[in-house]
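Hello,

Here is the structure I promised to pass on. Please open it first, then read my notes below.

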Amino acid sequence: MRIEYDTTGNGALDAVILFAFKDGELTGSAKAWADEHAPWISRLAGECPGDPGKACLLHAPEGAGIPRAVLAGLGKHDKFEIDNLREAAAAAAALCRERKLARVGLLHAALDGLGENQARVLEETAFAARVGLYSYETFKSEKSERSGFPETLAVLAGEEPKNEFFEALRVAEAGAAGVALARDLVNTPANVATPRYLAGKAVEVAALHGFKTDVLGSERIRELGMGALMAVARGSAEPPRLVIIDAKPGAKEKPLVLIGKGVTFDTGGISLKPSSGMEAMKGDMAGAAAVIGAIEAIGRLKLSRRVVALIPLVENMPGHGATRPGDVVRTMSGKTVEIVNTDAEGRLILCDALSYSARFSPAAVVDIATLTGACVVALGKKVAGYFTENEELAAIVERSSIARGERFWRMPLWDSYFEALKSEVADMKNVGERMGGAIHAALFLKQYAPGATPWVHLDIAGPGFSDSGSALVTKGGTGFGVRTLLELAGEFATG
Ligand code: BES
Ligand code: ZN
Ligand code: ZN
(Lines give C-alpha, C1' and ligand atoms only; values in the text may rest on other atoms or scores of the structure.)
(Ligands and ions follow the chains in the order given, each with its own letter.)
Protein backbone atom coordinates (compact mmCIF):
# COMPACT_ATOMS: atom_id res chain seq x y z
CA MET A 1 0.00 0.00 0.00
CA ARG A 2 1.29 3.41 -1.00
CA ILE A 3 0.59 6.25 1.43
CA GLU A 4 0.38 9.71 -0.09
CA TYR A 5 -1.11 13.12 0.44
CA ASP A 6 -4.02 14.29 -1.68
CA THR A 7 -4.67 18.00 -1.47
CA THR A 8 -6.63 18.28 -4.71
CA GLY A 9 -9.65 16.19 -3.78
CA ASN A 10 -9.76 15.11 -7.43
CA GLY A 11 -8.72 11.50 -7.15
CA ALA A 12 -11.67 9.09 -7.24
CA LEU A 13 -11.93 7.12 -4.02
CA ASP A 14 -13.42 3.70 -3.32
CA ALA A 15 -14.01 4.71 0.27
CA VAL A 16 -13.18 7.33 2.85
CA ILE A 17 -12.02 6.30 6.32
CA LEU A 18 -13.43 8.27 9.24
CA PHE A 19 -13.31 7.65 12.97
CA ALA A 20 -16.33 7.45 15.23
CA PHE A 21 -16.88 7.23 18.96
CA LYS A 22 -19.68 5.14 20.36
CA ASP A 23 -22.99 5.54 18.51
CA GLY A 24 -21.46 7.16 15.46
CA GLU A 25 -20.15 10.47 16.84
CA LEU A 26 -17.57 11.55 14.27
CA THR A 27 -14.18 12.83 15.43
CA GLY A 28 -12.42 16.15 14.85
CA SER A 29 -13.74 18.20 11.97
CA ALA A 30 -15.08 15.13 10.17
CA LYS A 31 -18.70 16.07 10.76
CA ALA A 32 -18.28 19.47 9.12
CA TRP A 33 -16.45 17.84 6.23
CA ALA A 34 -19.13 15.17 5.81
CA ASP A 35 -21.93 17.73 5.97
CA GLU A 36 -20.31 19.53 3.08
CA HIS A 37 -18.98 16.67 0.94
CA ALA A 38 -20.98 13.57 1.84
CA PRO A 39 -24.03 14.43 3.97
CA TRP A 40 -25.23 10.81 3.82
CA ILE A 41 -22.36 9.86 6.13
CA SER A 42 -23.67 12.11 8.91
CA ARG A 43 -27.12 10.66 8.33
CA LEU A 44 -26.01 7.02 8.48
CA ALA A 45 -23.19 7.25 11.04
CA GLY A 46 -25.53 6.27 13.87
CA GLU A 47 -25.90 2.83 12.26
CA CYS A 48 -22.30 2.06 13.22
CA PRO A 49 -21.91 1.08 16.86
CA GLY A 50 -18.48 2.71 17.15
CA ASP A 51 -17.20 -0.19 19.24
CA PRO A 52 -13.48 0.00 19.94
CA GLY A 53 -11.34 -1.73 17.34
CA LYS A 54 -14.28 -2.50 15.04
CA ALA A 55 -14.69 -1.00 11.58
CA CYS A 56 -18.07 -0.61 9.92
CA LEU A 57 -18.88 -0.09 6.24
CA LEU A 58 -21.50 2.43 5.05
CA HIS A 59 -22.75 2.55 1.47
CA ALA A 60 -23.56 5.85 -0.20
CA PRO A 61 -26.87 6.44 -1.94
CA GLU A 62 -26.67 6.25 -5.71
CA GLY A 63 -24.92 9.12 -7.42
CA ALA A 64 -22.86 10.25 -4.43
CA GLY A 65 -19.24 11.20 -5.17
CA ILE A 66 -17.67 8.85 -2.67
CA PRO A 67 -19.25 5.38 -2.84
CA ARG A 68 -18.44 4.13 0.68
CA ALA A 69 -17.33 5.22 4.13
CA VAL A 70 -15.45 3.10 6.61
CA LEU A 71 -16.21 4.17 10.15
CA ALA A 72 -13.48 3.01 12.49
CA GLY A 73 -14.75 2.64 16.05
CA LEU A 74 -13.02 4.31 18.98
CA GLY A 75 -15.36 3.34 21.84
CA LYS A 76 -16.62 5.78 24.43
CA HIS A 77 -15.48 9.38 23.93
CA ASP A 78 -14.47 9.92 27.57
CA LYS A 79 -12.46 6.65 27.64
CA PHE A 80 -10.50 7.46 24.49
CA GLU A 81 -6.77 6.84 24.37
CA ILE A 82 -4.33 6.63 21.49
CA ASP A 83 -4.34 2.80 21.68
CA ASN A 84 -7.96 2.90 20.50
CA LEU A 85 -6.95 4.94 17.47
CA ARG A 86 -4.29 2.40 16.49
CA GLU A 87 -6.70 -0.52 16.79
CA ALA A 88 -9.36 1.38 14.84
CA ALA A 89 -7.00 2.37 12.03
CA ALA A 90 -5.74 -1.20 11.72
CA ALA A 91 -9.32 -2.55 11.64
CA ALA A 92 -10.31 0.01 9.00
CA ALA A 93 -7.38 -0.92 6.77
CA ALA A 94 -8.15 -4.63 7.22
CA LEU A 95 -11.77 -4.02 6.21
CA CYS A 96 -10.68 -2.14 3.06
CA ARG A 97 -8.48 -5.07 2.20
CA GLU A 98 -11.27 -7.54 2.85
CA ARG A 99 -13.53 -5.61 0.46
CA LYS A 100 -10.73 -5.25 -2.09
CA LEU A 101 -10.95 -1.45 -2.18
CA ALA A 102 -8.11 -0.06 -4.25
CA ARG A 103 -7.92 3.63 -3.34
CA VAL A 104 -9.07 4.77 0.06
CA GLY A 105 -8.93 8.21 1.60
CA LEU A 106 -8.10 9.06 5.17
CA LEU A 107 -9.53 12.39 6.18
CA HIS A 108 -6.76 14.33 7.90
CA ALA A 109 -9.26 16.60 9.65
CA ALA A 110 -10.77 13.54 11.34
CA LEU A 111 -7.62 13.34 13.46
CA ASP A 112 -8.08 16.82 14.94
CA GLY A 113 -8.16 16.75 18.70
CA LEU A 114 -7.19 13.07 19.07
CA GLY A 115 -3.81 13.94 20.60
CA GLU A 116 -1.59 16.83 21.58
CA ASN A 117 0.80 16.43 18.70
CA GLN A 118 -1.01 16.25 15.35
CA ALA A 119 1.99 14.87 13.47
CA ARG A 120 2.30 12.08 16.04
CA VAL A 121 -1.39 11.26 15.71
CA LEU A 122 -1.03 10.97 11.95
CA GLU A 123 2.09 8.88 12.39
CA GLU A 124 0.35 6.41 14.72
CA THR A 125 -2.66 6.20 12.39
CA ALA A 126 -0.58 5.58 9.27
CA PHE A 127 1.57 3.05 11.12
CA ALA A 128 -1.46 1.14 12.36
CA ALA A 129 -3.19 1.20 8.98
CA ARG A 130 -0.12 -0.30 7.37
CA VAL A 131 0.37 -2.93 10.08
CA GLY A 132 -3.34 -3.83 9.91
CA LEU A 133 -2.64 -5.24 6.45
CA TYR A 134 0.01 -7.64 7.69
CA SER A 135 -0.38 -11.32 6.90
CA TYR A 136 2.02 -14.22 6.67
CA GLU A 137 1.39 -16.46 3.68
CA THR A 138 4.82 -17.77 2.76
CA PHE A 139 3.85 -21.41 3.22
CA LYS A 140 0.29 -21.22 1.91
CA SER A 141 -0.12 -22.82 -1.51
CA GLU A 142 -3.01 -20.52 -2.28
CA LYS A 143 -2.18 -16.87 -1.71
CA SER A 144 -4.93 -14.46 -0.79
CA GLU A 145 -6.20 -12.48 -3.76
CA ARG A 146 -6.67 -9.59 -1.37
CA SER A 147 -3.01 -9.12 -0.57
CA GLY A 148 -2.52 -6.15 -2.94
CA PHE A 149 -5.40 -4.15 -1.41
CA PRO A 150 -5.71 -1.32 -0.76
CA GLU A 151 -3.21 -0.06 -3.32
CA THR A 152 -3.25 3.52 -2.06
CA LEU A 153 -4.05 5.29 1.15
CA ALA A 154 -4.55 8.97 0.31
CA VAL A 155 -4.41 11.35 3.24
CA LEU A 156 -7.01 13.97 2.35
CA ALA A 157 -5.96 17.46 3.32
CA GLY A 158 -7.31 20.85 2.29
CA GLU A 159 -3.93 22.44 1.89
CA GLU A 160 -0.30 21.48 1.33
CA PRO A 161 0.75 19.79 4.58
CA LYS A 162 3.66 20.98 6.70
CA ASN A 163 6.94 19.09 6.48
CA GLU A 164 6.39 17.45 9.83
CA PHE A 165 3.46 15.55 8.39
CA PHE A 166 5.51 14.14 5.54
CA GLU A 167 8.16 13.22 8.09
CA ALA A 168 5.46 11.52 10.19
CA LEU A 169 4.48 9.33 7.24
CA ARG A 170 8.13 8.45 6.63
CA VAL A 171 8.64 7.40 10.26
CA ALA A 172 5.38 5.45 10.21
CA GLU A 173 6.43 3.53 7.10
CA ALA A 174 9.86 2.75 8.50
CA GLY A 175 8.42 1.50 11.79
CA ALA A 176 5.82 -0.60 10.03
CA ALA A 177 8.44 -2.14 7.75
CA GLY A 178 10.53 -3.03 10.82
CA VAL A 179 7.55 -4.59 12.57
CA ALA A 180 6.53 -6.58 9.47
CA LEU A 181 10.08 -7.89 9.08
CA ALA A 182 10.25 -8.92 12.75
CA ARG A 183 6.87 -10.68 12.44
CA ASP A 184 7.98 -12.53 9.33
CA LEU A 185 11.13 -13.74 11.04
CA VAL A 186 9.22 -14.94 14.12
CA ASN A 187 6.54 -16.61 12.00
CA THR A 188 9.06 -18.46 9.86
CA PRO A 189 9.12 -22.05 11.12
CA ALA A 190 12.23 -23.15 12.98
CA ASN A 191 13.18 -25.79 10.41
CA VAL A 192 13.70 -22.87 8.01
CA ALA A 193 14.71 -20.09 10.39
CA THR A 194 17.89 -21.71 11.69
CA PRO A 195 20.76 -19.69 13.18
CA ARG A 196 22.43 -19.68 9.76
CA TYR A 197 19.26 -18.49 8.04
CA LEU A 198 18.66 -15.67 10.50
CA ALA A 199 22.29 -14.60 10.33
CA GLY A 200 21.90 -14.42 6.55
CA LYS A 201 18.75 -12.33 6.87
CA ALA A 202 20.33 -9.96 9.37
CA VAL A 203 23.31 -9.43 7.11
CA GLU A 204 21.08 -8.93 4.08
CA VAL A 205 19.06 -6.24 5.85
CA ALA A 206 22.12 -4.48 7.27
CA ALA A 207 24.03 -4.58 3.99
CA LEU A 208 21.08 -3.05 2.15
CA HIS A 209 21.46 0.02 4.34
CA GLY A 210 25.23 0.09 3.99
CA PHE A 211 25.96 -1.08 7.54
CA LYS A 212 29.07 -3.10 8.39
CA THR A 213 28.44 -6.70 9.35
CA ASP A 214 30.42 -9.58 10.74
CA VAL A 215 29.20 -13.11 11.39
CA LEU A 216 31.05 -15.33 13.84
CA GLY A 217 30.73 -19.12 13.57
CA SER A 218 31.50 -21.89 16.08
CA GLU A 219 35.22 -21.57 15.74
CA ARG A 220 35.49 -17.87 16.45
CA ILE A 221 32.83 -18.08 19.16
CA ARG A 222 34.92 -20.78 20.86
CA GLU A 223 38.14 -18.78 20.42
CA LEU A 224 36.51 -15.82 22.14
CA GLY A 225 35.85 -18.07 25.13
CA MET A 226 32.07 -17.88 24.88
CA GLY A 227 31.55 -21.13 26.76
CA ALA A 228 28.00 -20.33 27.79
CA LEU A 229 26.80 -19.63 24.25
CA MET A 230 28.56 -22.81 23.06
CA ALA A 231 26.98 -24.84 25.87
CA VAL A 232 23.54 -24.09 24.42
CA ALA A 233 24.58 -24.61 20.80
CA ARG A 234 26.18 -28.02 21.41
CA GLY A 235 22.90 -29.93 21.63
CA SER A 236 21.92 -29.00 18.08
CA ALA A 237 23.12 -30.10 14.66
CA GLU A 238 22.77 -26.46 13.60
CA PRO A 239 25.90 -24.42 14.27
CA PRO A 240 25.56 -21.16 16.24
CA ARG A 241 26.14 -17.68 14.91
CA LEU A 242 26.93 -14.33 16.46
CA VAL A 243 25.95 -11.47 14.16
CA ILE A 244 27.52 -8.07 14.66
CA ILE A 245 26.10 -5.06 12.85
CA ASP A 246 27.67 -1.63 13.09
CA ALA A 247 25.56 1.15 11.63
CA LYS A 248 28.42 3.66 11.73
CA PRO A 249 31.70 1.79 11.85
CA GLY A 250 34.80 3.74 12.70
CA ALA A 251 32.82 6.61 14.21
CA LYS A 252 34.35 7.98 17.40
CA GLU A 253 30.92 8.17 18.91
CA LYS A 254 30.06 5.60 21.58
CA PRO A 255 27.30 3.38 20.22
CA LEU A 256 23.96 2.34 21.54
CA VAL A 257 24.29 -1.45 21.63
CA LEU A 258 21.19 -3.59 21.01
CA ILE A 259 21.37 -7.28 21.91
CA GLY A 260 18.58 -9.70 20.89
CA LYS A 261 18.03 -13.25 22.13
CA GLY A 262 18.01 -15.50 19.09
CA VAL A 263 17.04 -19.00 20.18
CA THR A 264 15.59 -20.29 16.91
CA PHE A 265 13.82 -23.08 18.76
CA ASP A 266 13.72 -23.77 22.47
CA THR A 267 13.00 -27.40 23.31
CA GLY A 268 14.46 -26.80 26.74
CA GLY A 269 17.40 -29.07 25.92
CA ILE A 270 17.92 -32.00 28.31
CA SER A 271 15.62 -30.15 30.75
CA LEU A 272 13.00 -30.81 28.07
CA LYS A 273 9.85 -28.70 27.95
CA PRO A 274 6.40 -30.37 27.99
CA SER A 275 5.23 -30.92 24.41
CA SER A 276 1.92 -29.06 24.74
CA GLY A 277 2.26 -25.66 23.12
CA MET A 278 5.93 -26.17 22.38
CA GLU A 279 5.40 -25.02 18.78
CA ALA A 280 5.29 -21.44 20.07
CA MET A 281 8.97 -21.80 20.92
CA LYS A 282 9.84 -21.02 17.31
CA GLY A 283 9.22 -17.51 18.63
CA ASP A 284 12.09 -17.67 21.09
CA MET A 285 14.09 -15.49 18.73
CA ALA A 286 11.61 -12.60 18.97
CA GLY A 287 14.27 -10.47 20.68
CA ALA A 288 16.66 -11.04 17.77
CA ALA A 289 13.82 -10.33 15.35
CA ALA A 290 13.01 -7.07 17.14
CA VAL A 291 16.64 -5.98 16.83
CA ILE A 292 16.76 -6.88 13.13
CA GLY A 293 13.43 -5.07 12.62
CA ALA A 294 14.80 -2.01 14.42
CA ILE A 295 17.92 -2.09 12.22
CA GLU A 296 15.68 -2.12 9.15
CA ALA A 297 13.75 0.91 10.43
CA ILE A 298 16.91 2.73 11.52
CA GLY A 299 18.39 2.14 8.07
CA ARG A 300 15.31 3.46 6.32
CA LEU A 301 15.27 6.56 8.49
CA LYS A 302 19.02 7.12 8.11
CA LEU A 303 19.27 7.78 11.83
CA SER A 304 22.43 9.64 12.72
CA ARG A 305 23.06 7.79 16.00
CA ARG A 306 25.69 5.05 16.01
CA VAL A 307 23.90 1.79 16.75
CA VAL A 308 25.57 -1.60 17.10
CA ALA A 309 23.52 -4.80 17.07
CA LEU A 310 24.73 -8.07 18.60
CA ILE A 311 22.61 -11.09 17.78
CA PRO A 312 23.53 -14.46 19.29
CA LEU A 313 21.76 -17.26 17.41
CA VAL A 314 21.45 -20.87 18.61
CA GLU A 315 19.00 -23.73 18.60
CA ASN A 316 18.35 -25.28 22.04
CA MET A 317 18.11 -29.02 21.37
CA PRO A 318 18.74 -32.17 23.42
CA GLY A 319 21.13 -33.68 20.84
CA HIS A 320 24.03 -35.95 21.67
CA GLY A 321 26.39 -33.10 22.46
CA ALA A 322 23.86 -31.40 24.70
CA THR A 323 24.79 -29.87 28.02
CA ARG A 324 23.78 -31.95 31.06
CA PRO A 325 22.20 -30.36 34.11
CA GLY A 326 25.06 -29.85 36.54
CA ASP A 327 27.68 -29.13 33.86
CA VAL A 328 29.95 -26.17 34.55
CA VAL A 329 31.05 -23.82 31.77
CA ARG A 330 33.34 -20.82 31.61
CA THR A 331 31.83 -17.68 30.15
CA MET A 332 33.69 -15.08 28.10
CA SER A 333 33.91 -12.91 31.22
CA GLY A 334 35.93 -15.63 32.94
CA LYS A 335 33.17 -16.33 35.44
CA THR A 336 32.00 -19.95 35.69
CA VAL A 337 28.37 -21.05 35.60
CA GLU A 338 26.79 -24.26 36.83
CA ILE A 339 23.99 -25.02 34.35
CA VAL A 340 21.38 -26.61 36.60
CA ASN A 341 18.59 -26.19 34.04
CA THR A 342 19.28 -26.27 30.30
CA ASP A 343 15.94 -24.57 29.64
CA ALA A 344 17.33 -21.35 31.10
CA GLU A 345 19.41 -20.96 27.92
CA GLY A 346 18.56 -17.38 26.96
CA ARG A 347 20.65 -15.90 29.75
CA LEU A 348 23.55 -18.15 28.72
CA ILE A 349 23.75 -16.77 25.21
CA LEU A 350 23.04 -13.21 26.36
CA CYS A 351 25.73 -13.20 29.04
CA ASP A 352 28.46 -13.81 26.48
CA ALA A 353 26.98 -11.21 24.12
CA LEU A 354 26.90 -8.72 27.02
CA SER A 355 30.58 -9.38 27.73
CA TYR A 356 31.37 -8.92 24.05
CA SER A 357 29.54 -5.57 23.99
CA ALA A 358 32.21 -4.05 26.25
CA ARG A 359 34.63 -3.85 23.33
CA PHE A 360 32.47 -1.16 21.73
CA SER A 361 32.65 1.11 24.82
CA PRO A 362 28.88 1.56 24.56
CA ALA A 363 26.99 4.68 25.60
CA ALA A 364 24.24 2.28 26.68
CA VAL A 365 23.33 -1.36 26.26
CA VAL A 366 19.79 -2.67 25.71
CA ASP A 367 19.04 -6.37 25.61
CA ILE A 368 15.69 -7.71 24.50
CA ALA A 369 14.63 -11.31 25.03
CA THR A 370 11.78 -13.76 25.42
CA LEU A 371 13.56 -14.68 28.60
CA THR A 372 11.21 -16.07 31.23
CA GLY A 373 7.79 -17.63 31.63
CA ALA A 374 7.85 -16.00 35.06
CA CYS A 375 7.63 -12.57 33.44
CA VAL A 376 4.45 -13.71 31.66
CA VAL A 377 3.05 -14.92 34.98
CA ALA A 378 3.84 -11.54 36.54
CA LEU A 379 2.64 -9.19 33.79
CA GLY A 380 0.45 -11.21 31.44
CA LYS A 381 0.72 -11.72 27.69
CA LYS A 382 0.60 -8.09 26.60
CA VAL A 383 3.06 -6.33 28.86
CA ALA A 384 6.85 -6.63 28.91
CA GLY A 385 9.09 -6.23 31.93
CA TYR A 386 12.10 -3.95 32.04
CA PHE A 387 14.99 -3.95 34.44
CA THR A 388 17.55 -1.20 34.91
CA GLU A 389 19.35 0.70 37.63
CA ASN A 390 19.78 3.73 35.42
CA GLU A 391 17.04 6.28 35.99
CA GLU A 392 17.66 8.13 32.74
CA LEU A 393 17.35 4.93 30.73
CA ALA A 394 14.24 3.98 32.71
CA ALA A 395 12.65 7.32 31.83
CA ILE A 396 13.52 6.84 28.15
CA VAL A 397 12.00 3.33 28.12
CA GLU A 398 8.83 4.68 29.76
CA ARG A 399 8.51 7.55 27.29
CA SER A 400 9.46 5.56 24.21
CA SER A 401 7.20 2.63 24.88
CA ILE A 402 4.10 4.58 25.87
CA ALA A 403 4.42 6.80 22.80
CA ARG A 404 4.57 3.72 20.60
CA GLY A 405 1.86 1.57 22.12
CA GLU A 406 4.14 -1.05 23.60
CA ARG A 407 3.69 -1.47 27.33
CA PHE A 408 6.64 -2.05 29.65
CA TRP A 409 6.52 -2.28 33.43
CA ARG A 410 9.57 -1.80 35.62
CA MET A 411 10.77 -4.67 37.77
CA PRO A 412 13.41 -4.65 40.52
CA LEU A 413 17.06 -5.58 40.15
CA TRP A 414 18.04 -5.78 43.81
CA ASP A 415 21.23 -7.66 44.57
CA SER A 416 19.51 -9.52 47.39
CA TYR A 417 18.02 -11.78 44.72
CA PHE A 418 21.52 -13.05 43.88
CA GLU A 419 21.46 -15.26 46.97
CA ALA A 420 19.40 -17.82 45.03
CA LEU A 421 21.96 -17.97 42.21
CA LYS A 422 24.85 -19.06 44.45
CA SER A 423 26.42 -22.36 43.43
CA GLU A 424 28.35 -24.94 45.42
CA VAL A 425 30.75 -25.65 42.58
CA ALA A 426 30.87 -22.58 40.32
CA ASP A 427 30.65 -18.79 40.56
CA MET A 428 26.89 -18.95 40.04
CA LYS A 429 24.05 -21.17 38.87
CA ASN A 430 22.01 -20.26 35.79
CA VAL A 431 18.72 -20.61 37.68
CA GLY A 432 17.58 -19.34 41.05
CA GLU A 433 14.26 -20.28 42.51
CA ARG A 434 10.98 -20.54 40.64
CA MET A 435 9.39 -17.62 42.41
CA GLY A 436 10.66 -14.29 41.13
CA GLY A 437 12.10 -16.10 38.09
CA ALA A 438 12.14 -13.04 35.83
CA ILE A 439 14.14 -11.09 38.41
CA HIS A 440 16.63 -13.90 38.99
CA ALA A 441 17.19 -14.08 35.24
CA ALA A 442 17.76 -10.32 35.07
CA LEU A 443 20.11 -10.47 38.02
CA PHE A 444 22.08 -13.21 36.29
CA LEU A 445 22.49 -10.92 33.26
CA LYS A 446 23.53 -8.05 35.49
CA GLN A 447 26.69 -9.97 36.42
CA TYR A 448 27.80 -9.62 32.78
CA ALA A 449 26.59 -6.16 31.80
CA PRO A 450 29.59 -3.91 31.21
CA GLY A 451 30.47 -2.11 34.47
CA ALA A 452 29.33 1.48 34.70
CA THR A 453 27.55 1.50 31.33
CA PRO A 454 23.81 2.22 31.48
CA TRP A 455 22.08 -1.09 30.76
CA VAL A 456 18.46 -2.12 30.46
CA HIS A 457 17.07 -5.61 30.06
CA LEU A 458 13.70 -6.02 28.31
CA ASP A 459 11.83 -9.30 28.93
CA ILE A 460 9.27 -9.71 26.12
CA ALA A 461 8.35 -13.36 26.77
CA GLY A 462 4.65 -12.37 26.98
CA PRO A 463 4.07 -9.89 24.15
CA GLY A 464 6.66 -11.27 21.69
CA PHE A 465 4.25 -13.90 20.45
CA SER A 466 0.46 -13.67 20.44
CA ASP A 467 -2.13 -16.42 20.47
CA SER A 468 -5.17 -14.14 20.53
CA GLY A 469 -4.88 -11.79 17.56
CA SER A 470 -6.50 -8.49 16.53
CA ALA A 471 -6.21 -6.35 13.40
CA LEU A 472 -3.25 -4.52 14.94
CA VAL A 473 -1.53 -7.43 16.67
CA THR A 474 -1.91 -10.55 14.55
CA LYS A 475 -1.53 -14.09 15.87
CA GLY A 476 2.01 -15.36 16.01
CA GLY A 477 4.94 -12.96 15.83
CA THR A 478 3.99 -9.46 16.95
CA GLY A 479 7.12 -7.42 16.22
CA PHE A 480 6.86 -6.16 19.80
CA GLY A 481 9.88 -4.08 20.78
CA VAL A 482 10.78 -2.80 17.32
CA ARG A 483 9.09 0.54 17.87
CA THR A 484 10.46 1.02 21.36
CA LEU A 485 14.00 0.24 20.17
CA LEU A 486 13.57 2.66 17.27
CA GLU A 487 12.27 5.39 19.55
CA LEU A 488 15.09 4.73 22.01
CA ALA A 489 17.65 5.08 19.25
CA GLY A 490 15.95 8.31 18.18
CA GLU A 491 16.05 9.70 21.73
CA PHE A 492 19.75 9.00 21.86
CA ALA A 493 20.15 10.74 18.54
CA THR A 494 18.79 13.96 19.90
CA GLY A 495 19.78 13.82 23.53
N1 BES B 1 12.08 -19.27 26.17
C2 BES B 1 11.75 -19.49 27.52
C3 BES B 1 10.87 -18.39 28.13
C4 BES B 1 9.51 -18.23 27.54
C5 BES B 1 8.42 -18.81 28.15
C6 BES B 1 9.30 -17.45 26.44
C7 BES B 1 7.16 -18.63 27.63
C8 BES B 1 8.04 -17.26 25.90
C9 BES B 1 6.96 -17.84 26.51
C10 BES B 1 13.01 -19.59 28.37
O11 BES B 1 14.15 -20.01 27.71
C12 BES B 1 12.72 -20.57 29.45
O13 BES B 1 12.48 -21.69 29.12
N14 BES B 1 12.75 -20.11 30.68
C15 BES B 1 12.44 -20.93 31.78
C16 BES B 1 13.43 -20.64 32.86
C17 BES B 1 13.38 -21.59 34.01
C18 BES B 1 13.93 -22.93 33.58
C19 BES B 1 14.20 -21.04 35.14
C20 BES B 1 11.04 -20.59 32.24
O21 BES B 1 10.66 -19.43 32.17
O22 BES B 1 10.32 -21.50 32.64
ZN1 ZN C 1 14.32 -22.15 27.69
ZN1 ZN D 1 14.19 -19.66 25.68
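Asp 266 and Glu 345 are both buried. The model is predicted, so please read everything here in that light. Both residues serve the zinc ion (ligand 2) as donors.

**Zinc site**

Asp 266 and Glu 345 each give a side-chain oxygen, OD and OE respectively. Asp 343 donates through both O and OD. These protein donors lie 2.0 to 2.2 Å from the zinc ion (ligand 2). The site has 6 donor atoms, with angles of 71 to 168° among them. That makes the site irregular. For six octahedral donors, the ideal angles would be 90 or 180 degrees.

In sequence, the donor residues follow the spacing D-x76-D-x1-E. Asp 266 sits in strand E10 (residues 262-266), while Glu 345 is in the loop between strand E13 (336-339) and helix H10 (346-357), so the pair ties together parts 79 residues apart in sequence.

There is a second zinc to look at. Asp 266 bridges the zinc ion (ligand 2) and the zinc ion (ligand 3). The two ions lie 3.2 Å apart.

**Sheet with E13**

Strand E13 also belongs to an open sheet of 3 strands. The order is E12-E13-E17, and the pairing is mixed. Strands E12 (327-330) and E17 (428-429) are the edges, each with a single partner strand, so one side of each has no neighbour in the sheet. E13 and E17 run parallel, joined by 2 bridges. Val 337 has Met 428 in E17 as its bridge partner.

**Helix H13**

Helix H13 (residues 437-446) is mostly covered, with 10 of its 10 residues buried. Among them are His 440, Phe 444 and Lys 446.

Best wishes

Methods. Residues numbered from 1 in each chain as written. Chains lettered and ligands numbered in written order. Predicted model: local features only at pLDDT ≥ 70, side-chain atom pairs only at ≥ 80, totals over all residues. Heavy atoms only, no water. Donors = N, O, S within 2.8 Å, 3.2 Å for Na, K, Ca; no water. Tetrahedral: all angles 85-135°; square planar, octahedral: opposite > 155°, others 65-115°. Helix = DSSP H or I, 4+ residues; strand = E, 2+ residues; numbered from the N terminus. Buried < 20%, exposed > 50% of the residue type's maximum accessible area, 1.4 Å probe, protein only. Pairing = 2+ DSSP bridges.
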